[in-house]
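Work through the exercises below with the sequence and the model at hand. Each task is followed by a solution in steps.

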Amino acid sequence: MTLLQFHPWASAVEAPFWQVLTQRKMDIFKLDDSPKPILGYYSTGQQVRIPGKDTSVALPARLCLGTGAFPDDSGLHEHPLNKTPAFTFPAPGVVKNTNTIEDFKSIDRAALFKMVVDQIWDDITSGRAALDPSTLNRFLLVTFADLKKFKFFYWFAFPALQADPAWSMDAIQEIGAVWSPTIVNHLREQVDHYKLNFGPSQSGFFLVKEGQEGLSVARLQDWDEFYVGCDESQVIVGFADPSSLDSNPGWPLRNLLALLQYRWKVTKVRVLCFREVLGKQDISASKLFIAQLPSYIPVTACPKAVGWEKNAQGKLGPRLADLAPLMDPTRLADTAVDLNLKLMRWRLLPDLQLEKVQNTRCLLLGAGTLGCYVARSLLGWGVRNITFVDNAKVSFSNPVRQPLFEFEDCLEGGKAKAETAAASLRKVYPGVNANGYSMSIPMPGHPISPQLVESAQNDIARLEELFEQHDAIFLLMDSRESRWLPTLLGARMKKVVINAALGFDTFLVMRHGVGQDQEYHASNGTTPLGCYFCNDIVAPTDSLSDRTLDQQCTVTRPGLSAIASAMAVEMMVSLLHHPEGIRAPADKADAEAEQDAFAQQGSALGLLPHQIRGFLSRFKNLLISGQAYDRCTACSDSILSAYDEEGFGFLFKVFQDATHLENVTGLTKMKEESEDLDMEWADDSEDDM
Amino acid sequence: MTSDANAHQPGPSARLTYSDFEFAIKAFLHQTRHHTPWSYVEYSPRRGQPLQGYLTLTKLVHSHHTSSGAPSTTTTTTSTQVPGAATIDPADQLLLDELAEQLDDIPDGDDHDEDNDIVIQQSTNLTFDYLSVNYHIVFSPSYQVPVLYFNAYRPDGTAISLEEIYESLVPEEWRGAIRNSGLNGGISQQDHPVLNTPYFYMHPCETVPLMETILQSNSNTTTAGDGPSYLESYIVTWLSFTGQAIGVSVPTDM
């Protein structure tokens, strides 16, 4: 005889249980944190195969809570979807869900446990347990549901009455070693009939008797008639055993033995650990042994009990289930958006680097028509970090053309465009990290008055900081000169710069090169691509003052902006897929390439041009490229050096007078030289006369 | 194609109407009643419309992941979370540890020390690294075929990621093929048509060509007058192809 050792319960909660608990708390319980009845279930011990090997390993004894755990409105568990699954046995319990984490921390653990133990003991002493033995499985669940974060702290207790002195067992035997296959099969059929006849409350615990015609099965409550004329050795008590260990029965046996001891003064009994392979009509894993107490000691008071579930560390403490991915709507939106993009990759373009695109931090200079459409397209690609810079307020003509604004944004002088655009993006997709900054970008030829110098310096410092914090910059402003400073910074910091500009019915979308970039191009024998200003021999200057009203507003065909913005975003994404990145050479569409756009392209998405010039009147796009100009007023070496050496001092001179740029780049000198040539001609021609 | 079309068609069709599907799954349910515990679940697709049904099965499988991401062993792991759970927020972990310490001090009439002799928590042949997998066979009105939906959960109810699905459910020899299926199938994810929560599924675009091939070769070998028997074996045939990539199969003696 050895000490009878039991295999304890391991809790197994299904996701729907948490969902229903959440719903009940919000709709029904509200602040009522009194214990509520729930129904768990368990099956007999199971094994699971180790993939790739031929062996199986035992699963722990699982007490499960599923969809049907809470009673429906009528208080029953009779709704078809609420029934416990086939081949399982019921375990009634209570859940106490606290309202705050502090309540959870300060629950009277002892009192709650005692409440359940008292109930079990009361069932045993009153006879109720014999009538409904499923009550021997009573359990307790304490939870705290954090409904904002969809996190559930939980702790199970499975009270088992302690026997003192403890039970012992003799050697455990397989059912096949005790009874012939015919008898075993007959027993299985008897148990099936029994379950069918008497229902779930009786199914987990039953009596077995050996007779002439084989084994017969009866309910616990029928003990007296069933065993009339039998002696102790003929009594076999069976229970659905959730354990699948070779030598140890499961937890339900503890309270069952307590019942047998109290009610029928049992001190020695044969135990049948009933173990069925789910749905396969196979009970060969069942076990038999004799359980025995050293002597009969009448139990008068409620015995001590144990049974708080240990956490995975083996210590007594609660567990945590984080269901945000399944329940938090923001997370669900994340999953859906992500999935949509992944479908592109799974179905069509396996080389799509979605994460790279999503993690590209985008800075949008300008939150007007271009800014709004660009932001929306970026969202469609799953870009997570979008920042707007704009110094204006939403005006009444904006919402119809700028899809991130609404009528209400125009009232009371109008909200700040940058911040409002960011807020609007967040409404579309809460998972985006969208920010807006209202600030001005100083421009060449727009002198700064002395009292505003400091704030200009701050704006520039801010702009430089934003450049550092982002990977791709979109120039989406409404004037030529405002693009100068960002172009310089972009070339200096070697950022992806996508420039979009609109005419009435024409547009330009281009990616900036990185200035002359001598080192790279010298060693590769390639030519650098230009920026927005590389084709100019005059400095960008004040184009905004002294204009009539119609010249000041950029009037364009309404559809143009959406087209140009979408092209700008797709160009950026294509660039991100090009192995050379910002130094990618310009692809042009020629007759051959037209045949097969994927033939000689460096990007997985197709051609990567330098510039796209669109002509809406003809519905035609041209792919053009331009070289970097060594006297460019924005990206040439002389300008970048001047900025490096003098910093704000250089910039200030440019803002005060744009021709400073022409001096620095040598354009002034060049013009003087060509004028000299002219004069010489003029002189010559005079002489000839 | 009307709903009566199949009834008048001369031969078996890979595409099913909903009533074909319901017949087929009920037949399958009957065929597997002694092997695998599939269940039939009813639901109302739209108010006032007759109830429709789908099949569900819950299976326990060995998980390849422990909480630390290391290959699983058969003993318990060393963190406060359920074995195989996702990484826990450090703030939450702190709270859990705090609670464990706090509550340990409170006397609770719980003489667990004495009881430890009697409790066998672990065993070399016991594993806590398992997943509960739900399989659903649901009808797709747009593809007109059954679709296999599935999700896998840890013992605390949390769902696992696609990566873990590959590790734990897809047999190794299948992983490359499934991942690269592109246009031809593979594991995808969408809202379950009845439950409206995210579920993984085996994409059905491969099903029709596959079933057509099989039905074709079957009809070459069976005698005429077999009638709707192809519906009776439809699910068995379909599941034996679709399910093996994802850990659910049909018993070989069927």
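Helices here are DSSP runs of H or I with at least four residues, strands are runs of E with at least two, and both are numbered from the N terminus. The model is predicted.

**Exercise 1. A helix and the residue after it**

Compare the expected span of helix α9 of chain A with the distance between its end C-alpha atoms, decide whether the helix is enclosed or open, and find the sign of phi just after the helix.

Solution.
1. Helix α9(A) covers residues 252–264, which is 13 residues.
2. The expected span is 1.5 Å times one less than the number of residues, which gives 18 Å for α9(A). The end C-alpha atoms are 18 Å apart, in agreement with that value.
3. A residue is buried if its relative accessible area is under 20%. Eleven of the 13 residues of α9(A) meet this condition, so the rest of the structure largely encloses the helix.
4. Among these buried residues are A:Pro252, A:Arg254, A:Asn255, A:Gln261 and A:Trp264.
5. Just past the end of α9(A), A:Lys265 has a positive phi of about 50°.

**Exercise 2. The partners of one strand**

Which strands of chain A are joined to strand β16, and by how many bridges?

Solution.
1. Strand β16(A) spans residues 287–292, and two bridges link it to strand β10 (residues 168–169) of chain A in the antiparallel sense. In this pair A:Met169 faces A:Ala291.
2. Strand β11 (residues 173–174) of chain A is also antiparallel to β16(A), with two bridges. Here A:Glu174 has A:Lys287 as its bridge partner.
3. Strand β15 (residues 268–274) of chain A runs antiparallel to β16(A) as well, joined by six bridges. A:Val271 is paired with A:Phe289.

**Exercise 3. An open sheet and the helices on it**

Give the strand order of the eight-stranded open sheet of chain A, name the strands at its edges, and say which strands helices α14 and α15 touch.

Solution.
1. The order is β21-β20-β19-β22-β23-β24-β25-β26, and the pairing is mixed.
2. The edges are β21 and β26 (620–624) of chain A; each has a single partner strand, so one side of each lacks a neighbour in the sheet.
3. On average, neighbouring strands of the sheet are turned by 15° against each other, direction ignored.
4. One of the pairs is β19 (residues 362–365) with β22 (residues 472–475) of chain A, parallel over four bridges. In this pair A:Leu363 is bridged to A:Ile473.
5. Helix α14(A) packs on the sheet through β20 and β21 of chain A, and its direction makes about 165° with that of β21(A).
6. Helix α15 (residues 453–469) of chain A also packs on the sheet, touching β19, β20, β21 and β22, with a direction at about 145° to that of β19(A).
7. Helix α14(A) has twelve residues, 417–428, an expected span of 16 Å and end C-alpha atoms 16 Å apart, which agrees.
8. Its buried residues include A:Lys417, A:Thr420 and A:Leu425. Cover for the buried residues of α14(A) comes from elements including α13 (369–380), β20 (385–389) and β21 (433–437) of chain A.

**Exercise 4. Strands and helices of chain B**

Find the bridges on strand β2 of chain B, then describe the contact of helix α5 with helix α6 of chain B.

Solution.
1. Strand β2(B), residues 52–62, is mostly covered, with eight of its eleven residues buried.
2. Five antiparallel bridges connect it to strand β1 (residues 39–43) of chain B, and B:Tyr43 lies opposite B:Gln52.
3. Eight antiparallel bridges connect β2(B) to strand β3 (residues 130–140) of chain B, where B:Lys59 is partnered by B:Val133.
4. Helices α5 (residues 162–169) and α6 (residues 172–179) of chain B pack at about 145°, and their axes are 9 Å apart.
5. The contact uses B:Glu163, B:Tyr166 and B:Glu167 from α5(B), with B:Arg175, B:Ile178 and B:Arg179 from α6(B). Of these residues, two are nonpolar, none is polar and four are charged.

**Exercise 5. Cysteines**

How many disulfides are there over all chains?

Solution.
1. A disulfide needs two cysteine sulfur atoms within 2.5 Å. The count over all chains is zero.
2. For A:Cys372, the nearest cysteine sulfur is that of A:Cys410, 12 Å away. A:Cys372 is buried, at a relative accessible area of 0%.
3. For A:Cys531, the closest cysteine sulfur belongs to A:Cys632 at 3.5 Å, which is too far for a bond. A:Cys531 is buried at 6% relative accessibility.

Note on methods. Residues numbered from 1 in each chain as written. Chains lettered and ligands numbered in written order. Predicted model: local features only at pLDDT ≥ 70, side-chain atom pairs only at ≥ 80, totals over all residues. Heavy atoms only, no water. Buried < 20%, exposed > 50% of the residue type's maximum accessible area, 1.4 Å probe, protein only. Contact = heavy atoms within 4.5 Å. Axes fitted to C-alpha atoms, helices over the stretch in contact; angles between N-to-C directions. Nonpolar A, V, L, I, M, F, W, Y, C, P; charged D, E, K, R; others polar. Pairing = 2+ DSSP bridges.
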